Amino acid sequence: MKNIYLIDVTNRDGVQTSRILVSKLAKTMINLYLDDMGVFQSEIGFPTLKHEVNYINANLDLAKKGKIKNLRLEGWCRAVQEDIELAFKNCPDIKHLNISISTSDIMIEGKFQGRKTWKDVLDSMIEALKTAKALGAETVGVNAEDASRTETGKLVEFACAAKEYGATRFRYCDTLGADDPITIYEKIKTIAEASMIDLEMHCHNDLGMAAAVSLVGAQGAIESGVDAYINTTINGYGERAGNCDLVSILLALKYSHGFEDKIHLADKVDLKKSWKLARYTSYAFDIPIPIKQVGVGANAFAHESGIHADGALKDRRNYELYDPEEVGRGEPETLHTGRVITTGSYGGLKGFRHVYENLGIHFRGDKQARKILELVQYANLHTQKPLTDDELVFIAEHPDAVSKILTISPRIR
Ligand SMILES: [Zn+2]
């Protein structure tokens with residue numbers, strides 16, 4: 001029996017959401033939370049993008065030091081040789097990449113405007129893949145952008161070539177969110193059976209079916225004898241109508257009638273971390289969680305209308321598929337309504353020490369405290385919003401990593 005692995009792409013596709021900005025410190029916290037939750041891999045960002053480089057290298061260092069334990073950190077690049085070379089020049093320790101190129105006629109004609117043919121696309125992918133392997137990539141996922149509008153025969157050719165040259169996975173991108181469950185299931189089965197390469201589902205939500213098509217695609221892959229990887233984002237954040245939501249996938253694998261016994265996750269993912277992760281990501285992205293969000297929305301366990309409230313009061317199973325505790329809810333949250341001392345960009349030593357003592361962190365002397373205070377001041381400037389308790393603890397425990405994450409030098413040459 002083959003398995004499903006989760007590759008969360010919040011820190012790459014999620015942050016491409018229009019009109020938002022996520023700090024590098026927040027992206028790091030998201031990686032730490034995903035690791036803690038038991039997610040297999042995080043697509044952490046763009047190793048070719050200058051302002052991501054220090055953040056990526058600092059996160060790779062955190063993994064080396066064991067602060068990030070099991071989460072595999074992977075970068076995204078275009079499948080062109082120059083980008084791969086630049087990625088390794090910027091981030092020499094990166095071991096996992098996903099490389100991407102458009103495969104549909106509509107994109108090849110519309111984006112490359114006659115500069116690239118189908119053969120050029122294949123050649124570019126193969127050259128980029130060979131370069132990535134030669135430069136030390138341990139795993140490479142090869143992405144077919146706009147796969148859902150690409151002929152199946154071409155996808156088979158692309159996936160077989162990727163496998164031949166050493167790719168670890170083939171990423172099927174439903175870039176426009178155009179797929180339906182039946183079509184994607186058939187297509188994935190055809191590609192998987194012909195290529196026998198592990199399949200990655202990357203689905204957008206333009207028709208409201210991202211989670212559904214991701215799951216049936218994964219089922220098609222598993223039934224064909226290859227492992228399946230599902231790309232998710234926290235709270236379904238992503239471009240336009242968003243991506244496939246992480247918590248929806250976890251709950252669907254556990255509770256949907258069709259999947260509960262049929263396909264399962266390779267890793268033990270702790271659903272109880274969902275609430276905290278969703279709330280932090282909402283804070284970091286400055287995007288509220290919709291009231292009806294699966295599992296973590298304010299109304300996910302609310303009952304008001306007469307028949308429903310009566311039924312839920314008699315036995316919650318009448319109207320609830322799963323319990324709030326399963327996604328980490330149900331604990332009371334304290335709201336301080338009296339005097340409060342905070343620390344941040346204009347904070348001083350006394351207030352700073354008070355805040356940290358409440359978090360159980362005591363500094364040896366003023367010198368050490370001043371060093372962390374200065375970092376807290378910069379971190380607050382960097383995130384532009386009050387630092388959370390977990391962020392404050394992380395800053396105190398990993399000052400060198402935080403200092404690197406906060407360092408961005410905009411030199412225009
Ligand atoms: Zn995408």
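**Close-up A. Ile-99 and the residues around it.** Leaving aside residues up to four places away in sequence, Ile-99 touches Cys-77, Ala-79, Ile-84, Ala-128, Leu-129, Ala-132, Val-140, Val-142 and Asn-143. Keep in mind, here and in the other views, that you're looking at a predicted model. Ile-99 also belongs to the largest nonpolar core, a set of 115 residues, where Ile-99 and Leu-199 touch the most other members. Helix 8 is the top contributor to this core, giving 9 residues. Both domains join in too: domain 1 (4–285) and domain 2 (349–405) each provide at least three residues of the core. As a rule of thumb, nonpolar side chains in soluble globular proteins tend to be buried together.

**Close-up B. Strand 7, covered on both faces.** Leu-199, from the previous view, shows up again in this one, as part of strand 7. How many of the residues of strand 7 (residues 198–203) are buried? The count is 6 of 6, so to speak a full house. Pick one side and you'll find Asp-198, Glu-200 and His-202; flip to the other and you'll meet Leu-199, Met-201 and Cys-203, and all of them are buried.

**Close-up C. The neighbours of strand 7.** Strand 6 (residues 169–174) pairs with strand 7 in the parallel sense, and 6 bridges link the two. One pair to look for is Arg-169, whose bridge partner in strand 7 is Asp-198. Strand 7 also runs parallel to strand 8 (residues 228–232), this time with 3 bridges. There, Met-201 stands opposite Ile-230 of strand 8. Now trace the chain between the strands. Strand 6, helix 7 (residues 181–195) and strand 7 form a right-handed β-α-β unit. Strand 7, helix 8 (residues 210–223) and strand 8 form a right-handed β-α-β unit as well.

**Close-up D. Val-226, in a loop.** Look in the loop between helix 8 and strand 8 to find Val-226. Is Val-226 buried or exposed? It counts as buried, because 21 C-beta neighbours lie inside 10 Å and the cut-off for buried is 20 or more. Not counting residues up to four places away in sequence, Val-226 touches Lys-2, Ala-192, Met-196, Ile-197, Asp-198, Leu-199 and Ala-221. For a sense of scale, take Ala-161, which is 65 residues from Val-226 along the chain: their C-alpha atoms are separated by 17 Å.

**Close-up E. Strand 1 and the two strands beside it.** Strand 1 (residues 4–8) is largely enclosed by the rest of the structure, because 4 of its 5 residues are buried. Strand 1 pairs with strand 8 in the parallel sense over 5 bridges, and Leu-6 stands opposite Ile-230 in strand 8. That's the Ile-230 you saw opposite Met-201 earlier. Strand 1 is also joined to strand 2 (residues 41–45) by 2 bridges, and these strands run parallel. Here the pair to spot is Asp-8 with Ser-42, its bridge partner in strand 2.

**Close-up F. Where the two domains meet.** The chain is divided into domain 1 (4–285) and domain 2 (349–405), and their C-alpha centres lie 34 Å apart. What does the meeting place look like in numbers? On the domain 1 side, 14 residues are in contact with 12 residues of domain 2. Helix 1 (24–37) and helix 2 (50–64) each supply at least two residues of that side of domain 1, with helix 2 giving the most, 6 residues. Sorted by class, the side of domain 1 that touches domain 2 has 7 nonpolar, 4 polar and 3 charged residues.

Methods. Residues are numbered from 1 along each chain as its sequence is written. This is a predicted model: local features need pLDDT of at least 70, side-chain atom pairs count only at pLDDT 80 or more; totals for chains, interfaces and linings use all residues. Domain bounds come from an automatic or database domain assignment. Two residues are in contact if their C-beta atoms, placed from the backbone, lie within 7 Å. Ala, Val, Leu, Ile, Met, Phe, Trp, Tyr, Cys and Pro count as nonpolar, Asp, Glu, Lys and Arg as charged, and the others, Gly among them, as polar. A residue is buried if 20 or more other C-beta atoms lie within 10 Å of its own, exposed if 12 or fewer, and partly exposed in between; C-beta atoms are placed from the backbone. Two strands pair if DSSP finds at least two bridges between them. A crossover is right-handed if, with the strands pointing away from the viewer, the path from the first strand over the helix to the second runs clockwise. A nonpolar core is a set of buried Ala, Val, Leu, Ile, Met, Phe, Trp, Tyr and Cys residues joined through C-beta atoms within 7 Å.
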